[in-house]
Amino acid sequence: MSLAAKIITTRWVVRLPIPMYRAGLGALLGRRFTMIEHVGRKSGEPRFVVLEVVERPDERTVTVAAGFGPTSQWYRNLRANPECHVSTGRIRRRPAHAELLDADGSAEVLAGYAERYPKAWDALSKMMRDATGEDDPEIPIVRLHLAER
């Protein structure tokens, strides 16, 4: 496994930005990342995940990818309960509704990302292959629709 794959599969490393967002400092990470507060499907407790923004078609829509596939805990939680809160850039904890795209919709969004950011896509797709051990991992896309202020 590559060093990059080891880093993105190390729980404490990927959770480092969460306290920043919870303290209202998410803007320091810019608009390229977002924190989703969702509800645990079994526990009912608040859960948090910080992800890279794949696409931002408008000011009220943020699109993210489940890089580790449909078994990612945050993805499964949003599938069970799509109501969540999103913090991104200067937006702090806005209510949102998660729309889980189908395979065709996900492929279209990822193709657009690969076209806009070819170097980033090459690096990320390699990391996902290394981390999952799959030649062509399934990467579902989630579109977060933020409520109006």
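1. In this predicted model, D58 stands opposite T61 of strand 3. That pairing belongs to the junction of strand 2 (residues 46-58) with strand 3 (residues 61-65), two strands that run antiparallel and are joined by three bridges.

2. On the other side of the sheet order, strand 1 and strand 4 pair in the antiparallel sense over four bridges, and within this pairing the bridge partner of M35 is S87 in strand 4. Strand 4 is in turn joined to strand 5 by five bridges, again with the strands running antiparallel, and here V86 has R94 of strand 5 as its bridge partner. Strand 4 and strand 5 form a hairpin with two residues between them, and G89, which lies in the turn, has a positive phi of about 55°.

3. Taken as a whole, six strands close into a barrel in the order 1-2-3-6-5-4, with antiparallel pairing; from one strand to the next the twist averages 45°.

4. Helix 4 (residues 73-80) lies across strand 1 (33-39), strand 2, strand 3, strand 4 (83-88), strand 5 (91-100) and strand 6 (141-146), and the helix runs at about 55° to strand 1. One of the helix residues deserves a separate look: W74, once its neighbours within four places in sequence are left aside, is in contact with I36, H38, V49, L51, V64, A65, A66 and V142.

5. The largest nonpolar core has 18 residues, and W74 is among those with the most contacts inside it, together with I36, V64, V142 and L144. Two or more residues of this core come from each of strand 2, strand 3, helix 4, strand 4, strand 5 and strand 6. A second core, separate from this one, has ten residues, including V109, Y113, M128 and I139. In soluble globular proteins, nonpolar side chains tend to be buried together.

6. A last point concerns T34, which lies in strand 1. Is T34 buried or exposed? With a relative accessible area of 0%, T34 falls under the 20% cut-off and is therefore buried. A polar atom of the T34 side chain lies 3.0 Å from the backbone oxygen of S87, the residue that also serves in strand 4 as the bridge partner of M35. Apart from its neighbours within four places in sequence, T34 is in contact with Y21, V49, V50, L51, V53, V62, V64, V86, S87 and T88.

Notes. Residues numbered from 1 in each chain as written. Predicted model: local features only at pLDDT ≥ 70, side-chain atom pairs only at ≥ 80, totals over all residues. Heavy atoms only, no water. Pairing = 2+ DSSP bridges. Axes fitted to C-alpha atoms, helices over the stretch in contact; angles between N-to-C directions. Contact = heavy atoms within 4.5 Å. Core = buried A, V, L, I, M, F, W, Y, C linked by side-chain atoms within 4.5 Å. Buried < 20%, exposed > 50% of the residue type's maximum accessible area, 1.4 Å probe, protein only. Polar contact = N/O pair within 3.5 Å; in protein donor to acceptor, adjacent residues only side chain to side chain.
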